Amino acid sequence: MTDPEPEQSKPNMDTPAKSWISKLSAAFSAEPQDKSELLEILRAAESRQIIDTESLGLIEGAMQVTDMQVREVMVPRAQMIVIKASASPEDYLAEILDAAHSRYPVIGESRDDVVGVLLAKDLLPLALKGELTRAQVINQLRPVAFVPESKRLNQLLKDFKTNRNHMAIVVDEYGGVAGLVTIEDVLEQIVGDIEDEHDFDEEGFIKRRDDSQFVVKALTPIEDFNEYFGLELDEDEYDTIGGLVVHRFGRLPKRGESIAFGDFMVKILNSDNRQIRLMQFTRQAEMS
C-alpha cells in the first residue's frame, strides 16, 4: 500500500483587486470613531498608495457636503441674473448670450416674486418657428423649486436627483429670496470647482467675473498678478500667487476656506491634499 501523495499547494489566488481590498481592510482594522479619525485613515491609505489622490479628494468632498448648508454655496440675491416676466425677449437675449447660463429665474414685480424658471434651450425652437414672443416664452416657464438657506447640501442633492431639478431659489427665514443654488454648486463641493482651467482663455491665468470678483489660477506668476491688479507683491520669495496664498495660511488650505489678502478676500475653489489649483479673489471694499 503506497502512501498518499502529498497535497499539492494551492496556487496563489491573490489578484491585484484582492490585494487592494486586503490592504484597505487592514487600514480599517482600527474602527474610526468619528469623521476626523476616518479621514486620518483615508489619508494614511492615500500616502501608502492604497487609494489615489483623486479618489481621496472625492471622498473628502462627499463627506464635506454633509456638514454644509445652502447659504454657504448659493449665488447671492444681488448677483442673480433674472428676467422680468413683463419684458420682451429682445430686451434680455443679449444678456442671456453674454451670461451663457442654462437657466434663469423669471420674476414678477420684484426679486422676491419668482414666477418660473426659463431654460435657455427653450428659446431656440421658438426662434426657429418665428414665435419668440413674450407670451410664448411665459408658456415655456418651468416650475420653481424653493429651499431654505439652512438646508444641508447632501439633502439638496438628493432632492435635485429625485425631482430632476437643476436649480432652486433660496429663501430666508422671512420668505424673501436670498439667492439661488444649482446642482453644479453642490457637485463642485465634491469634485472641485467645475469652473476650472478649461473655462479660461488659452494661456490665461485670471478670469474676471465682475468688477469685484476674479477667478485666479494658483499657478499665476506673481509678476502677472501684480501687472493685472497694479500691485507690488514681492516676486523674490515665491514664484506663484498660489505659493504666496499658502504662505499666508501657514498651511495647505482646504477647498472652501477663505483668508484676507490685502484688499481682497481669497477663497479656495479647487484643491486637494497636496496643492491648491483655483482661487476666487473678491475686493473687500465691495463686500461691505
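**Packing around helices 3, 7 and 8**

The buried residues of helix 3 pack against helix 2 (35–47), helix 7 and helix 8. In this predicted model, the buried set of helix 3 consists of Thr53, Leu56, Gly57, Glu60, Gly61, Met63 and Val65. Helix 3 itself covers residues 53–65, and its end C-alpha atoms are 19 Å apart, which agrees with the 18 Å that its 13 residues should span at 1.5 Å a residue.

Two of the partners of helix 3, helix 7 and helix 8, also pack against each other. Two packed helices are described by the angle between their axes and the distance between the axes. For helix 7 (residues 153–163) and helix 8 (residues 183–191), the angle is about 130° and the axes lie 10 Å apart. Because an angle of this kind falls in none of the parallel, antiparallel or perpendicular ranges, helix 7 is oblique to helix 8, and the crossing in which helix 7 passes helix 8 is left-handed. On the side of helix 7, the contact is formed by Leu153, Leu156, Leu157 and Phe160, which meet Ile183, Val186, Leu187, Gln189 and Ile190 of helix 8. Of the residues in this contact, eight are nonpolar and one is polar, while none is charged.

A further set of contacts involves the loop between helix 3 and strand 1 (75–76), where Gln69 is located. Although Gln69 and Ser150 are 81 residues apart along the chain, their C-alpha atoms are separated by 5.3 Å. When residues up to four places away in sequence are not counted, Gln69 touches Glu149, Ser150, Lys151, Arg152 and Leu153; of these, Leu153 also belongs to the helix 7 side of the contact with helix 8.

Notes. Residues are numbered from 1 along each chain as its sequence is written. This is a predicted model: local features need pLDDT of at least 70, side-chain atom pairs count only at pLDDT 80 or more; totals for chains, interfaces and linings use all residues. Side-chain values use heavy atoms; hydrogens and water are left out. Axes are lines fitted to C-alpha atoms, for helices over the stretch in contact, and angles run from 0 to 180 degrees between N-to-C directions. Helices (H or I, at least four residues) and strands (E, at least two) are DSSP runs, numbered from the N terminus. Angles under 35 degrees count as roughly parallel, over 145 as roughly antiparallel, 65 to 115 as roughly perpendicular and the rest as oblique. A crossing is left-handed if the near helix is turned anticlockwise from the far one by less than a right angle, and right-handed if clockwise. Contact means heavy atoms within 4.5 Å. Ala, Val, Leu, Ile, Met, Phe, Trp, Tyr, Cys and Pro count as nonpolar, Asp, Glu, Lys and Arg as charged, and the others, Gly among them, as polar. The expected span of a helix is 1.5 Å times one less than its number of residues. Buried means under 20% relative accessible area, exposed over 50%, partly exposed in between (1.4 Å probe, protein chains only).
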